[in-house]
Amino acid sequence: MKTLIAILIIASFLQSTIMPVDLVLIILICRSFIKEEDKNLYLTFAFGLLVAHLNGNLIGTQSIIYLVTIFATHLIQRSRFAKNWILIIPLSLIFFSLNTATLSVLTNQSIQLFPKVVWETLLIVPAFHLLRIWEERFIPKKDIKLRV
Amino acid sequence: MNSRAIPYLRLFFLLTFLSVLFLAFDSFHLLNLPKKAAAYLTNPVSFRVYSSYQTISKQLFFIFAARFAAQQNSALKEQIGQLLSENAKLRREVSETKSLLLQQKKIDPRTYNLLAARPIGLTRYLRIDKGSADGVKVGQAVIFQDSFLGRAVEVSTKVANVQLISDPDSKMAAFSQGLEGVAKGVLVGQFGTESLLDKILHEETIKAGDLVYSEGTEGNLPRGLILGKVVEVKGEENEVFKQAKVVPVFDIRDLELVFVIIE
């Protein structure tokens, strides 16, 4: 979890300074798609606040958008279609488009989806696989018990 | 795994409510103080990240620019090479055109059918780039302006060898003309670049500086073409004939275009 938080902090600073893609949302969607747990919502809330602060938006704006997105991901993740990882691509395309459009409306900017949304959708594929490998191989699972 | 129909619904509403609360507080500028405090932490980090990115991108841009400049330099060098080649070609063409114009002033093209040829080699013979395919035949005279250079002795399809006046096998009737009179003789080639005007009678006047002309008795060679200039007169009083050293007016190596008298 500490590593994930560190990565999210770095991603927050990167996306608010040099990269015009929502790295935090990419990571959070991937994690929510891989693992359904309450920590995702806490992380979403906290990093929504941080990203809003770093971007100079009203505090809470991004948290609401992120929370809705992650909650929707949790719901979709429970469906049987979610067994195929390719579902994350159209899902993320819709989520990123809605995220960008909502944020543009809230900050009184013109809606410009391309090429930002395309880049974000393309980035989600390697991010998803990296995070899945990390979660499966490097995070110890508590529910494994040896029978004696 | 959670067995509820909608997982973490309460948590979701709670966090959303908190977010709305934050949004409301911030809308009324109630979060200015904590935001200001947080900015003391986040702004230097953002600045550091941004300046690092600027430095890295400048370095990367330099590499890209250097690579681009190298490619451009290579392309420009190639372009310069092409331009130089084109320039040389144009200069040669201008020079040839000038030679042609000058030639037409000296020898009337209505009287003589001239064929322009480029010298392509000079050993014992002068090699030109026109041959039998262009109408060159053995014995035809090769001139430049109003000077006789030699005659074609070997002709292949596209190349002909011209025997120069200075060739030891060259022999032709000639006369010299100066202010004091005319001297007739036979111009014989010598080794090197000189020729010798031989068989000049003692009573005939010849001096250094006189020009030597063709007599026009050999085939289709016209009379009055310049063969060279007298540089030295030799001959004892008791000998039958006098001799004179003759050098060509032009240096063959300087010529870019010569003309073959076809008819």
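**Chatting about chains A and B**

Reader: Hi! Of the 263 residues of chain B, what percentage count as buried?

Author: In this predicted model, 24% of them count as buried, where buried is 20 or more other C-beta atoms, placed from the backbone, within 10 Å of a residue's own. Local features here need pLDDT of at least 70, side-chain atom pairs count only at pLDDT 80 or more, and totals for chains, interfaces and linings use all residues. Residues are numbered from 1 along each chain as its sequence is written, and chains are lettered from A in the order in which they are written.

Reader: Thanks! What does the secondary structure of chain B come to?

Author: Two helices and 13 strands, taken as DSSP runs (H or I, at least four residues, for helices; E, at least two, for strands) numbered from the N terminus.

Reader: How many of the 75 residues of α2(B) are buried?

Author: Just one, so α2(B) is hardly covered.

Reader: And where does helix α2 of chain B bend?

Author: At A39(B), by about 40°, the angle between axes fitted to the seven residues ending there and the seven starting there. The helix covers residues 32-106.

Reader: Switching topic: how many residues does the contact take from each of chains A and B?

Author: The contact takes 22 from chain A and 22 from chain B, with C-beta atoms, placed from the backbone, within 7 Å counting as a contact.

Reader: Which helix gives the most on the chain A side?

Author: That's α3(A), with seven residues on the side that touches chain B.

How values were computed
Two residues are in contact if their C-beta atoms, placed from the backbone, lie within 7 Å. A residue is buried if 20 or more other C-beta atoms lie within 10 Å of its own, exposed if 12 or fewer, and partly exposed in between; C-beta atoms are placed from the backbone.
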